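Me: I should like to learn how to read the features of a structure that is new to me. May we take them one at a time?

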Amino acid sequence: MIFSHEKTKYPADIIIDDKPTLTFEKTDIKFKYWVIVDHDYNEVLPDTQYPPIHRLKKDWSNWSEIAKALKLV
């Protein structure tokens, strides 16, 4: 697990992001899967993005669905 202000410069399998607008326009991202914690301010981001976006409810109630979709369990 890596905690960083500049999350795009480290290679990773999954990024869990609650402020995706900071990442959205970057071209040098180094992670395979992007999990966005849904908040009102980021619901406008398109799901057709690379890497693929998975949406985690802000109460994390769908975490197991996300884990299955990413083949973590």
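Me: Where does K71 lie?

Reply: The model is a predicted one. In it, K71 belongs to the segment that follows α2.

Me: What is the phi of K71?

Reply: The general idea comes first. A negative phi is what most residues other than glycine have. In this structure, K71 has a phi near 60 degrees, a positive value in a residue that is not glycine.

Me: Is K71 buried or exposed?

Reply: Residues with over 50% relative accessible area count as exposed. K71 has 73% relative accessibility and therefore counts as exposed.

Me: Which other residue has a phi near 60 degrees, and where is W60 found?

Reply: W60 has a positive phi near 60 degrees, and W60 is not a glycine either. W60 sits in the loop that links β3 (53-56) with α2 (63-69).

Me: Why does W60 count as partly exposed?

Reply: Partly exposed covers the range between the cut-offs of 20% for buried and 50% for exposed. The relative accessibility of W60 is 40%, so W60 counts as partly exposed.

Me: Which residues make a nonpolar surface patch?

Reply: I16, W60 and W63 make one of about 360 Å². I16 comes from strand β1 (residues 12-17), whereas W60 comes from the loop between β3 and α2.

Me: How should I read the elements of the chain as a whole?

Reply: One begins at the N terminus and follows the elements along the chain; here they run β-α-β-β-α. The chain thus contains two helices and three strands.

Me: In what order do the strands form a sheet?

Reply: The three strands make an open sheet with the order β1-β2-β3, and their pairing is parallel. β1 and β3 are at the edges with a single partner strand each, so each has one side without a neighbour in the sheet. From one strand to the next, the twist averages 25 degrees.

Me: How many bridges join β2 to β3?

Reply: Strand β2 (residues 31-37) is joined to β3 by four bridges, and the two run parallel. As one case, V37 has L56 in β3 as its bridge partner.

Me: What share of the residues in the chain is buried?

Reply: The cut-off for buried is under 20% relative accessible area. Of the 73 residues in the chain, 33% are buried. The chain exposes about 5300 Å², of which carbon and sulfur atoms supply 56%.

Me: How much do residues 24 or more positions apart contribute to the contacts?

Reply: Among contacts in the chain with a separation of 6 or more, such residues account for 10%.

Note on methods: Residues are numbered from 1 along each chain as its sequence is written. This is a predicted model: local features need pLDDT of at least 70, side-chain atom pairs count only at pLDDT 80 or more; totals for chains, interfaces and linings use all residues. Side-chain values use heavy atoms; hydrogens and water are left out. Buried means under 20% relative accessible area, exposed over 50%, partly exposed in between (1.4 Å probe, protein chains only). Patches are made of residues with over 30% relative accessible area and no salt bridge: like charges are joined within 9 Å, nonpolar side chains (Val, Leu, Ile, Met, Phe, Trp, Tyr) within 5 Å. Accessible areas come from the Shrake-Rupley method with a 1.4 Å probe; for residues, only the protein chains shown count as cover. A salt bridge is a side-chain nitrogen of Lys or Arg within 4 Å of a carboxyl oxygen of Asp or Glu. Contact means heavy atoms within 4.5 Å. Two strands pair if DSSP finds at least two bridges between them. Axes are lines fitted to C-alpha atoms, for helices over the stretch in contact, and angles run from 0 to 180 degrees between N-to-C directions.
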